[in-house]
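Let's take a walk through this protein together, one stop at a time. Keep the sequence and the 3D view side by side as you read.

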Amino acid sequence: MSEQASNLTILGRTPASLGRSALPVVSLALVILAIAYFNPHAISYFGFNLMLNLGVPVALATIAQMLIITVNELDLSIGAFVSFTGCVVATWLPTKPAIGWAILLASVVAYALIGALIHLRRVPSIVVTLGMSFVWLGLAILIRPTPGGTAPSWLHALISVRVPYVPFPIVAAIVVGIVVHVGLMRSSYGTMLRGVGGNAAALQRAGWSVLKAKMVVYALAGVFGVLSGMALVGISTSADANMANGYTLLSIAGAILGGAEFVGGRVSPIGAILGALTLQLTAVALNFFHLPAYPSFRIPQEWQVGAQGIILILILALRALMNRGER
């Protein structure tokens, strides 16, 4: 019976594989249904604009984290890095753009060098990036010891764009997801980058440079970290050194929720975007949650982070069951 089940395929894939791929979509749909149940007025053009406003910078940070996971590593500094880039954007881009862009470019180069250091010295990425998180945080405090600054007018105008019929955060998420999916999953160079996480030794025997590939992956992660900081400043119109403190954990959770695994270079850019949006909407759904018999009951703010973690654990447990069924 089990052999028959393992031989059963749909469109060339096993039911367990299809279920695992559909999990991010199902998770997002369930959260939207929960919001619709607790507050039907939130399911509207204006409502999605409000609920997903902060989803764009989280989604960009999640893509940065997913790129690092592609090479079987982890970035514990992405939250501090987004705060640092946000401080640079709010401090220099409006008045001295040449200095601001030079610092942002140098930070991307620094990310590429971090990838080289991790590869050449064989230092665990969590050690290096944990150390770098303090470096980025210290630089952010030096730039903006107190909250302030302002967003460049062109950036604020870009983030405030109103697209007819479809909220801008959804449009931005779709565009980012498709661009990264095509670049990483459909191009030959993207396949090579994922091969670093799949079988780096075979890649090297084929003549590819693993060092160069890792530097490219880390540089791309830096680019998306910069974009996340810019989007965050465009929304908040100011910056402070702790503005993205929670992004490290959110980006890891979003990438894993979207189907990323820590071995084999198995990632999904579109899944990562869906995972980030699901986490953003989960926080909103928990705010709307109430018991019909006790309409005044609300989940305390302190418990909501824990509730997000429980939801993540449940989804991971379900994926583990699917993986076991596939084997």
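Pro145 is exposed, with a relative accessible area of 63%. That label applies because anything over 50% counts as exposed. You'll find Pro145 in the loop between helix 7 and helix 8, the latter covering residues 153-159. Keep in mind that you're looking at a predicted model. Now try hopping from Pro145 over to Gln280: the two sit 135 residues apart in sequence, and their C-alpha atoms are 28 Å apart in space.

Next, find another loop, the one that joins helix 6 (97-121) to helix 7 (125-143), where Arg122 sits. Arg122 is exposed too, with a relative accessible area of 73%. There's something else to spot here: the phi of Arg122 is positive, near 55°, and this residue isn't a glycine. Why point that out? Most residues other than glycine have a negative phi. Asn72 does a similar thing, with a positive phi of about 65° although it is not a glycine either. Look for Asn72 in the loop between helix 4 (55-70) and helix 5 (78-92). With a relative accessible area of 33%, Asn72 counts as partly exposed.

Let's step into helix 4 itself, where Gln65 is found. Is Gln65 buried or exposed? Gln65 is buried, at a relative accessible area of 0%, and the cut-off for that word is under 20%. So who is around Gln65? If you skip the neighbours within four places in sequence, Gln65 is in contact with Leu74, Asp75, Ile78, Thr248, Ser251 and Ile252.

Ala61 is also part of helix 4, and at 1% relative accessibility Ala61 counts as buried. Again leaving out neighbours within four places in sequence, Ala61 touches Ile78, Val82, Ser228, Tyr247 and Ser251. Ile78 and Ser251 may ring a bell, as Gln65 is in contact with them as well. For a longer trip, go from Ala61 to Phe289: these residues are 228 places apart along the chain, and 27 Å separates their C-alpha atoms.

Now for a pair in another part of the chain. Leu18 lies in helix 2, which runs over residues 15-38, and Leu18 is partly exposed, with a relative accessible area of 25%. How far apart in space are Leu18 and Met322? Their C-alpha atoms are 9.5 Å apart, even with their positions 304 residues apart in sequence.

Time to see how two helices pack. Helix 9 (residues 168-186) and helix 13 have axes that are 8 Å apart, and they meet at an angle of about 150°. Angles over 145 degrees count as roughly antiparallel, and helix 9 and helix 13 are therefore roughly antiparallel to each other. On the helix 9 side, the contact involves Ala173, Val176, Gly177, Val180, His181, Leu184 and Met185, while helix 13 brings in Pro269, Ile270, Ile273 and Leu277. Sort these residues by class and you get nine nonpolar, two polar and no charged.

Helix 13 turns up again when you go looking for open space. The largest pocket holds about 700 Å³. It's lined by 25 residues, and the closest to its centre are Gly246, Leu250, Ala283, Val305 and Gln308. Which elements give two or more residues to this lining? They are helix 11 (210-236), helix 12 (247-257), helix 13 (269-288) and helix 14 (301-326). In terms of class, the pocket lining has 16 nonpolar, nine polar and no charged residues.

Our last stop is a space closed off from the outside. The structure holds one cavity of 30 Å³ or more, and the largest cavity has a volume of about 40 Å³. Its lining is made up of Leu257, Thr278, Leu279, Thr282, Gln308, Ile311, Leu312 and Ile315. Helix 13 and helix 14 are the elements that give two or more residues to this cavity lining, with helix 14 giving the most, four residues. Five of the lining residues are nonpolar, three are polar and none is charged. Did you catch Gln308 in that list? Gln308 is also among the residues closest to the centre of the largest pocket.

Technical notes: Residues numbered from 1 in each chain as written. Predicted model: local features only at pLDDT ≥ 70, side-chain atom pairs only at ≥ 80, totals over all residues. Heavy atoms only, no water. 1 Å grid on protein atoms, 1.4 Å probe; cavity = no way out; pocket = protein on both sides within 12 Å on 5 of 7 lines; lining within 4 Å. Points joined across faces, edges and corners; volume = space filled by probe spheres on them. Nonpolar A, V, L, I, M, F, W, Y, C, P; charged D, E, K, R; others polar. Axes fitted to C-alpha atoms, helices over the stretch in contact; angles between N-to-C directions. Parallel < 35°, antiparallel > 145°, perpendicular 65-115°, else oblique. Contact = heavy atoms within 4.5 Å. Buried < 20%, exposed > 50% of the residue type's maximum accessible area, 1.4 Å probe, protein only.
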